Amino acid sequence: MSRCLTDRSIDHVVLERGEVGNSWKTERWDSLRLLTPNWQSRLPGFGYDGSDPDGYRTMPETIAFIDRYAEEISAPVRTHTRVSSVAPRDGGYAIATSEGDWQCRTVVIATGACNMPSVPEVTETVPSSIATLTPFCYRNPGQVAEGGVLVVGASATGTQIAEEIQRSGRPVMLSVGEHVRVPRVYRGRDIKWWMDKAGVLDERYDQIDDIERARKVPSLQLAGSPERRTVDLNALTRIGVQLVGRIAGIQNGKAQFSGSLRNLCTLADLKMNRLLDRIDQWSAENGFDGEVDPPHRFEATVVEASPPLGIDLVRHGIRTILWATGFRPDLSWLHVPVFDRKGRIRHDGGVVEAPGVYLMGMPFLRRRKSSLIDGAADDARDLSAHLASFLDHRR
Ligand SMILES: Cc1cc2nc3c(=O)[nH]c(=O)nc-3n(C[C@H](O)[C@H](O)[C@H](O)COP(=O)(O)OP(=O)(O)OC[C@H]3O[C@@H](n4cnc5c(N)ncnc54)[C@H](O)[C@@H]3O)c2cc1C
């Protein structure tokens with residue numbers, strides 16, 4: 001957004017509570033690599049120029065990439081400046097920060113979709129002898145007690161961490177709710193390549209039947225690794241991870257799991273095959289079939305005959321529970337009346353229901369790719385154009 005505002009000669013400042021690339025520097029685990037290939041971090045006027053476009057960046061590489069971009073565009077960033085309040089004043093907005101106050105006509109909220117782990121209420125009834133962790137404080141398996149680990153959540157974060165902990169010798173039980181299964185590679189190409197080419201990631205928020213639902217869809221079960229490994233439930237079962245259903249409650253030290261595991265896995269397989277059908281159709285219609293491997297389908301997710309519906313956590317040897325149940329934004333500093341009954345910001349594709357306020361980086365904000373690094377460019381172009389015409393009208 002800063003780059004787009006500079007292109008339009010709009011005077012602005014970027015307030016950052018930490019350093020440039022703060023979330024990548026402080027909120028990620030050690031082994032994490034981007035699950036988007038290198039070529040798929042296209043920022044306005046800046047892309048990947050290395051020799052491995054199909055690789056996946058490590059965290060130090062990701063941080064260096066964002067740092068380089070901020071430098072290259074001379075972004076007017078004020079680091080170590082935490083915004084504590086944004087409130088309407090004099091037809092614009094009063095901004096209170098740890099480094100003094102500002103007054104501005106427009107505000108772009110780009111504080112991220114993942115400021116806090118989203119954990120279910122059942123966490124309150126976990127026996128005191130069991131340690132609990134979230135992806136925000138998890139760094140590596142060395143930090144986890146020896147013994148069993150219950151990982152709750154089987155999307156990108158949960159499956160990646162479950163694999164790593166299982167390989168460290170601590171037996172993992174994975175509690176599986178709704179999830180989105182995709183292969184890392186299909187017909188010889190990265191799934192993200194297919195989704196990009198076939199226009200899946202460019203689908204717009206105003207062309208989707210149920211945008212509320214689309215905004216809640218969990219992240220793809222994907223990981224970035226040099227071997228381009230698929231980390232789906234079958235891969236995890238093969239290395240010894242035990243699958244159980246969605247966690248329904250914990251009472252008197254006993255965890256209850258929903259009986260929906262098989263259905264959720266069947267549904268995920270079905271949706272994956274629908275995506276692959278769409279890719280195959282796109283490939284045939286656009287003359288790609290000669291360049292890629294032939295279509296094929298993957299083994300259905302294997303679920304044991306009677307997965308446990310309840311276990312005594314301590315007796316089962318569970319020493320740690322890791323809540324990989326998603327993330328949520330922290331907008332507690334925003335004192336503008338734009339929240340709905342569920343505490344979500346009311347907006348139309350990032351144009352917030354308050355004059356001159358814009359939102360970035362949220363799931364399916366304007367496009368399916370909006371919450372990815374690669375989604376920022378198009379959204380920032382659209383929203384900076386809106387912001388510029390808002391300022392023109394005001395003048
Ligand atoms: C575990 C994980 C893995 C991911 N992997 C990928 C991936 O592989 N590929 C991909 O494209 N995307 C990935 N994402 C999504 C990724 O976070 C976004 O693509 C990208 O970081 C969004 O950038 P952003 O600037 O909107 O948000 P962020 O990167 O979260 O930046 C928000 C910034 O706002 C600052 N901030 C917050 N509150 C305040 C405040 N009150 N005052 C001042 N500053 C504040 C924060 O310090 C932070 O620097 C991943 C996300 C997570 C959580």
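A polar contact, as I shall use the term, is a pair of N or O atoms within 3.5 Å. With that in place, let me turn to the structure shown above, which is a predicted model. I shall speak about the ligand and then about two sheets.

The ligand site comes first. Three contacts of the ligand share the distance of 2.9 Å, and I shall take them in turn. At valine 83, a backbone N or O atom is placed 2.9 Å from a nitrogen atom of the ligand. For serine 371 the backbone again supplies the N or O atom, here 2.9 Å from an oxygen atom of the ligand. Serine 23 uses its side chain instead: an N or O atom there is 2.9 Å from a ligand oxygen atom. How much of the ligand's accessible area does the protein cover? On its own the ligand has 980 Å² of accessible area, and the protein covers 85% of that.

Let me now describe the shell around the ligand. There are 24 residues around it, and those that come nearest are Glu16, Arg17, Leu35, Thr36 and Ile373. Which residue classes make up this shell? By class, 12 are nonpolar, 8 are polar and 4 are charged. Among the secondary-structure elements, helix 2, residues 22–26, gives the most to the shell, namely 3 residues.

I move on to the sheet in which strand 3 takes part. Strand 3 covers residues 83–89, and valine 83, at its start, is the residue with the backbone contact to the ligand nitrogen. The sheet is open and antiparallel, with 3 strands in the order 3-4-5. Strand 3 and strand 5, residues 100–104, are the edge strands, each pairing on one side only. On average, neighbouring strands here are turned by 20 degrees against each other, direction ignored.

Between strand 3 and strand 4, residues 92–97, there are 6 bridges in the antiparallel sense. Within this pairing, valine 86 faces isoleucine 95 of strand 4 as its opposite residue, and alanine 87 stands opposite alanine 94. The two strands form a hairpin with 2 residues between them, and aspartate 90 in the turn has a positive phi of about 50 degrees. Strand 4 then joins strand 5 through 5 bridges, again antiparallel, with tyrosine 93 opposite cysteine 104. This second pair is likewise a hairpin with 2 residues between the strands.

The other sheet is parallel. It is an open sheet of 5 strands, ordered 8-19-9-10-15. Why do strand 8 and strand 15 each have one side without a neighbour in the sheet? Strand 8 (131–133) and strand 15 (242–244) stand at the edges and each has a single partner strand, so one side of each is left free of a neighbour in the sheet. The average turn between neighbouring strands of this sheet is 20 degrees, direction ignored.

Inside this sheet, strand 9, residues 148–152, and strand 19, residues 318–323, pair in the parallel sense over 5 bridges. One of the bridge pairs joins valine 151 to leucine 322 in strand 19. Helix 4, residues 156–167, packs on the sheet and touches strand 9, strand 10 (172–175) and strand 19. The direction of helix 4 makes about 170 degrees with that of strand 10.

Technical notes: Residues numbered from 1 in each chain as written. Predicted model: local features only at pLDDT ≥ 70, side-chain atom pairs only at ≥ 80, totals over all residues. Heavy atoms only, no water. Near = heavy atom within 4 Å. Polar contact = N/O pair within 3.5 Å; in protein donor to acceptor, adjacent residues only side chain to side chain. Areas by Shrake-Rupley, 256 points an atom, 1.4 Å probe, with all protein chains shown as cover. Helix = DSSP H or I, 4+ residues; strand = E, 2+ residues; numbered from the N terminus. Nonpolar A, V, L, I, M, F, W, Y, C, P; charged D, E, K, R; others polar. Pairing = 2+ DSSP bridges. Axes fitted to C-alpha atoms, helices over the stretch in contact; angles between N-to-C directions. Contact = heavy atoms within 4.5 Å.
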